[in-house]
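Got your viewer open? Keep the selection box handy, and we'll go from the overall fold down to single side chains.

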Amino acid sequence: LKDLQAMTAIDPQEVPPQRQQQGDDARAVKLLEDIVARIDSNPLAYQDVRGEYGIELRGESNHSLTINVGANGATLREGLETAGVIVAIRPADFLALVRGTLPLLAFMEWGRIMVKGDIGLAGHLQFILRGGGKSERRY
């Protein structure tokens with residue numbers, strides 16, 4: 001049994017970063033546009049996660065975008081000036097994060113994502129990206 005556990009254990013140092021593929025930048029931006037459209041279709045589901053979320057895509061084009069989630073829906077715009085939290089990530093890793101390939105904490109532990117600002121908003125961002133809608137608040 002110990003041999004089996006040793007063979008199946010995952011060492012974070014051995015997990016290669018998501019391979020950057022041509023077009024990942026455009027796919028990541030398109031995915032953000034789709035997320036904004038999803039929020040706009042049902043803004044009440046996102047009432048507990050209102051805020052400004054910055055996404056810095058560090059790829060071929062280096063996009064800096066902010067999603068503003070408000071009472072009437074969401075907007076996506078260039079720039080990070082007013083974002084309460086900024087997440088810097090490679091486009092390929094962003095796509096994997098949204099797909100749920102790996103949880104946000106795994107990306108943070110392995111140094112494949114950087115978070116600056118309000119860590120509480122960062123937790124809400126995972127709900128927004130994955131279509132979770134309302135965040136469960138536990139105090």
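One term before we start clicking: two residues are in contact, or touch, when they have heavy atoms within 4.5 Å of each other. Also keep in mind that this is a predicted model.

**Stop 1: the whole chain**

Start with a cartoon, coloured by secondary structure. You should find five helices and five strands. Follow them along the sequence and the pattern reads α-α-β-β-β-β-α-α-β-α. Of the 139 residues, 37% count as buried. If you like contact maps, here's one number: among contacts between residues at least 6 apart in sequence, 67% join residues at least 24 apart.

**Stop 2: the sheet**

Now hide everything but the strands. In what order do the five strands of the sheet lie? They go β3-β2-β1-β4-β5, in an open sheet with mixed pairing. Select 73-78 and 113-117 to see the edges: β3 and β5 each have a single partner strand, so one side of each is left without a neighbour in the sheet. Look for the twist, too; neighbouring strands are turned by 20 degrees against each other on average, ignoring direction.

**Stop 3: the β2-β3 hairpin**

Zoom in on residues 63-70, which make up β2. This strand runs antiparallel to β3, and six bridges join the two. The hairpin connecting them does so through two residues. Two pairs are worth showing as sticks: I67 stands opposite L76, and V69 has A74 as its bridge partner. While the sticks are on, remember that side chains in a regular strand alternate between the two faces of the sheet.

Step back to N62, in the loop between β1 and β2. Check its backbone torsions: phi is near 50 degrees, a positive value in a residue that isn't glycine.

**Stop 4: helices on the sheet**

Bring back residues 24-41, helix α2. This helix lies across β1, β2 and β3, and runs at about 150 degrees to β3. Next, add residues 119-129 for helix α5, which packs on the sheet and touches β1, β2, β4 and β5. The direction of α5 makes about 75 degrees with that of β1.

**Stop 5: the enclosed helix**

Select 91-99, helix α3. How many of its nine residues are buried? Eight are, so α3 is largely enclosed by the rest of the structure. The buried ones are P91, A92, D93, F94, L95, A96, L97 and V98. To see what covers them, switch on α2, β1, β4, α4, β5 and α5, which are among the covering elements. Just after the helix, click G100: its phi is positive, about 90 degrees.

**Stop 6: V87, in β4**

Go to V87, which sits in strand β4. Is V87 buried or exposed? Its relative accessibility is 5%, so V87 counts as buried, the cut-off for that being under 20%. Leaving out residues up to four places away in sequence, V87 touches G54, I55, E56, I113, M114, V115 and L125. For a distance label, try V87 to Y53: these residues are 34 apart along the chain, and their C-alpha atoms are separated by 7.9 Å.

**Stop 7: I113, in β5**

One of those contacts, I113, lies in strand β5. I113 is buried as well, with a relative accessible area of 5%. With the same sequence neighbours left out, I113 touches V87, A88, I89, L97, L104, F107 and M108. Draw another C-alpha distance, this time to F94: 19 residues apart along the chain, 8.8 Å in space.

**Stop 8: the cavity**

Last stop, and time for a cavity display. Rolling a probe the size of a water molecule over the atoms shows where empty space is left. Here there is one cavity of 30 Å³ or more, with a volume of about 40 Å³.

Which residues line this cavity? Select V87, L97, L104, A122, L125, Q126 and L129. Helix α5 gives the most to the lining, with four residues. Colour the lining by class and you'll get six nonpolar residues, one polar and no charged ones. You've already visited V87, here as part of the lining.

Definitions and conventions: Residues are numbered from 1 along each chain as its sequence is written. This is a predicted model: local features need pLDDT of at least 70, side-chain atom pairs count only at pLDDT 80 or more; totals for chains, interfaces and linings use all residues. Side-chain values use heavy atoms; hydrogens and water are left out. Two strands pair if DSSP finds at least two bridges between them. Axes are lines fitted to C-alpha atoms, for helices over the stretch in contact, and angles run from 0 to 180 degrees between N-to-C directions. On a 1 Å grid over the protein atoms alone, a cavity is a set of points where a 1.4 Å probe fits but cannot get out, and a pocket is an open set with protein on both sides within 12 Å along at least five of seven lines; lining residues have an atom within 4 Å of a point. Grid points are joined across faces, edges and corners, and a volume is the space filled by probe spheres set on the points. Ala, Val, Leu, Ile, Met, Phe, Trp, Tyr, Cys and Pro count as nonpolar, Asp, Glu, Lys and Arg as charged, and the others, Gly among them, as polar. Buried means under 20% relative accessible area, exposed over 50%, partly exposed in between (1.4 Å probe, protein chains only).
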